[in-house]
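Here are my notes after a look through this one. They cover confidence, the aromatic pairs and one stretch of loop.

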Amino acid sequence: NETNKAAGAFNVLIPSLVLCCGIFIFLLGFAGCVGSLLGKATVLKAYAGILAVFLTCEMACGAVILYYQQQHLELLAEGLKQQIEAAQNGNKTDAKKALDGLQASRQCCGATGPENWKKVPASCCESGMEGCTDPFKMGCASVIYKEIGSQTFAAGVILVTIGIIQSYSVFDACYETKQKD
């Protein structure tokens, strides 16, 4: 039940955040166009300033994603270990179900390997028998990281590249402001 509430809040929060960001970007671009068309130096200065702050944040996020890319694996493994510990203690049946589904579908076991479990669950075994002697050797953190690692790298590169391209708008707005003064 708690998982459903969290998922519901997450499903509302992310689209709302994306919508708000989209509206902000639209209004910012519109202000830049109006300032340029009407020759209003004040509007262009505000546009350039806000855009410079926005681009600095965007490029910083991209740089952080690229710089800490290897630590994503460690954070993922640590989070999975915590969920495994909670599932073994019987605190989270939802976590146990999710881990079983992950392990069975990705043919992985534990966060970093089968040693993360006190007793190897059936989902770690090709035979489907709990406590098997030949569980999947690869940890689920590595499997997940392999699937999303290239995507996080691409996201970082895209953020930095778009930031560099958009910085032209800041320079152009500053140039136009100088021409208007």
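1. Confidence first. This is a predicted model, and the protein chain averages a pLDDT of 83, with 92% of the residues scoring at least 70. Among the elements of the chain, α4 has the highest mean pLDDT, at 89, and α1 the lowest, at 76. A general caution: where pLDDT is low, the predicted coordinates should not be read in detail.

2. On to the rings. The structure holds three aromatic pairs. Take phenylalanine 26 and phenylalanine 30: their ring centres are 6.1 Å apart and their planes meet at 20°, so this pair is stacked; the cut-off for stacking is under 30 degrees. The two phenylalanines, 26 and 30, are four residues apart in helix α1 (residues 2-38), which means that about one helical turn separates them. Keep in mind that α1 is the element with the lowest mean pLDDT.

3. Are those two phenylalanines buried or exposed? Phenylalanine 26 counts as exposed, at 55% relative accessibility. Phenylalanine 30 has a relative accessible area of 49% and is partly exposed. The line between the two classes is drawn at 50%, so I'd not make much of the two labels.

4. Another pair is formed by tyrosine 67 and tyrosine 68, and this one is edge-to-face, with 4.9 Å from centre to centre and 90° between the planes. Tyrosine 67 is exposed, with 65% relative accessible area, while tyrosine 68 counts as partly exposed at 36%.

5. Now the loop between α4 (93-106) and α5 (140-180), where glutamine 107 is found. Its phi is near 50°, a positive value in a residue other than glycine. For background, most residues other than glycine have a negative phi. I'd flag glutamine 107 for a look at the backbone.

6. Serine 123 lies in the loop between α4 and α5 too. Which side chains does serine 123 make polar contacts with? One is aspartate 100, at 2.8 Å from side chain to side chain; another is glutamine 103, whose side chain is joined to that of serine 123 by a polar contact of 2.7 Å.

7. Serine 123 is also buried, because its relative accessible area is 11% and the cut-off is under 20%. Leaving out residues up to four places away in sequence, serine 123 touches Asp100, Gln103, Ala104, Cys108 and Phe136.

Methods. Residues numbered from 1 in each chain as written. Predicted model: local features only at pLDDT ≥ 70, side-chain atom pairs only at ≥ 80, totals over all residues. Heavy atoms only, no water. Phe/Tyr/Trp six-rings, centres within 6.5 Å; stacked < 30°, edge-to-face > 60°. Buried < 20%, exposed > 50% of the residue type's maximum accessible area, 1.4 Å probe, protein only. Polar contact = N/O pair within 3.5 Å; in protein donor to acceptor, adjacent residues only side chain to side chain. Contact = heavy atoms within 4.5 Å. pLDDT = per-residue confidence, 0-100.
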